[in-house]
Amino acid sequence: MNESPAAAAPGADNDRPTMPALARGWRCKCPYCGTGRLLHSYLKVNDRCSRCGLDLTRARADDGPAYLTILIVGHIMAPLMHVVYFSWRPEPLVMFTVFAIGCLASSLYLLPRMKGIVIAYQWARRMHGFGEDTPAGKGQ
């Protein structure tokens with residue numbers, strides 16, 4: 001099922017399909033093989049994939065995952081807070097506590113997944129040095 005990117009012509013649009021790579025990134029797996037771990041210690045990127053040997057040292061996620069996490073959590077929690085407040089009128093301390101824990105939990109859940117998605121997108125689009133090379137261990 002995992003086709004080697006080297007099988008297609010270099011530079012072809014379909015040689016690294018984006019959606020499967022993003023799905024692998026969401027699972028924090030290697031965007032090439034989908035088996036090896038992408039991250040260790042919560043947000044640190046592995047130097048190489050343990051299964052296929054893909055060089056991950058070039059991955060540059062920078063502030064992208066944090067921005068995407070804030071964007072998603074904010075767009076979910078803000079309308080939810082509005083609905084909860086005007087529907088049930090909870091005590092301010094209860095509302096603050098519930099939504100603070102909800103924002104924290106959802107942010108901690110989403111952040112590594114967003115980092116995986118950003119790195120997988122870079123790999124699929126051949127950005128930041130993920131260009132023409134293939135992993136050392138091509139045998140999948």
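**Figure 1. Packing of helices α2 and α3 in the predicted model.** Helix axes are here lines fitted to C-alpha atoms over the stretch in contact, and the angle between two of them, taken between their N-to-C directions, runs from 0 to 180 degrees. In this predicted model, the axes of α2 and α3 lie 8 Å apart and the two helices pack at an angle of about 150°. Because angles over 145 degrees count as roughly antiparallel, α2 and α3 are therefore described as roughly antiparallel to each other. The crossing of α2 and α3 is right-handed. Helix α2 spans residues 64-88 and includes Tyr67, a residue that is exposed, with a relative accessible area of 54%. The C-alpha atom of Tyr67 is separated by 9.2 Å from that of Met114, although the two residues are 47 positions apart along the chain.

**Figure 2. Packing of helices α1 and α3.** The axes of α1 and α3 cross at roughly 150° and come within 7 Å of each other. With that angle, α1 and α3 are likewise roughly antiparallel, and their crossing is right-handed. Leu22 belongs to helix α1 and, at 19% relative accessibility, counts as buried. Between the C-alpha atoms of Leu22 and Gly116 the separation is 7.7 Å, while their positions lie 94 residues apart in terms of numbering along the chain.

**Figure 3. Order of the secondary structure elements and burial in the chain.** Three helices and two strands make up the elements of the chain, and from the N terminus on they follow the order α-β-β-α-α. The chain has 140 residues, of which 34% count as buried.

**Figure 4. The salt bridge between Asp15 and Arg126.** A search of the whole structure finds three salt bridges, and one of them joins the side chains of Asp15 and Arg126, with an N to O distance of 2.2 Å. This pair links distant parts of the chain, since Asp15 lies in the segment before α1 (18-26) and Arg126 in the segment after α3 (92-124), the two residues being 111 residues apart. The partners differ in their accessibility class: Asp15 is buried at 7% relative accessibility, whereas Arg126, with a relative accessible area of 22%, is partly exposed. In general, side chains of opposite charge can pair when their charged atoms come close.

**Figure 5. The salt bridge between Arg58 and Asp55.** In this view Arg58 and Asp55 form a salt bridge in which the closest N and O atoms are 3.2 Å apart. Arg58 counts as partly exposed at 28% relative accessibility, while Asp55, with a relative accessible area of 16%, is buried. The assignment of Asp55 rests on a cut-off, because buried means under 20% relative accessible area.

**Figure 6. Asp62, its salt bridge and its backbone angle.** Asp62 lies in the loop between β2 and α2, and its salt-bridge partner is Arg60, with 3.3 Å between the closest N and O atoms. Asp62 is exposed, with a relative accessible area of 58%, and Arg60 is partly exposed at 47% relative accessibility. The backbone of Asp62 also deserves a look: its phi is positive, at about 50°, although the residue is not a glycine. Most residues other than glycine have a negative phi.

**Figure 7. Tyr42 and the nonpolar surface patch.** Tyr42 is found in the loop between β1 (39-40) and β2 (44-45), and it is a residue other than glycine with a positive phi, near 75°. With a relative accessible area of 38%, Tyr42 is partly exposed. Together with Leu104 and Leu108, Tyr42 forms a nonpolar patch on the surface, and the accessible area of these residues together is about 300 Å². Of the patch members, Leu104 is found in helix α3 and counts as exposed at 53% relative accessibility. The patch thus brings a residue of the loop between β1 and β2 together with a residue of helix α3.

Methods
Residues are numbered from 1 along each chain as its sequence is written. This is a predicted model: local features need pLDDT of at least 70, side-chain atom pairs count only at pLDDT 80 or more; totals for chains, interfaces and linings use all residues. Side-chain values use heavy atoms; hydrogens and water are left out. A salt bridge is a side-chain nitrogen of Lys or Arg within 4 Å of a carboxyl oxygen of Asp or Glu. Helices (H or I, at least four residues) and strands (E, at least two) are DSSP runs, numbered from the N terminus. Buried means under 20% relative accessible area, exposed over 50%, partly exposed in between (1.4 Å probe, protein chains only). Patches are made of residues with over 30% relative accessible area and no salt bridge: like charges are joined within 9 Å, nonpolar side chains (Val, Leu, Ile, Met, Phe, Trp, Tyr) within 5 Å. Accessible areas come from the Shrake-Rupley method with a 1.4 Å probe; for residues, only the protein chains shown count as cover. Angles under 35 degrees count as roughly parallel, over 145 as roughly antiparallel, 65 to 115 as roughly perpendicular and the rest as oblique. A crossing is left-handed if the near helix is turned anticlockwise from the far one by less than a right angle, and right-handed if clockwise.
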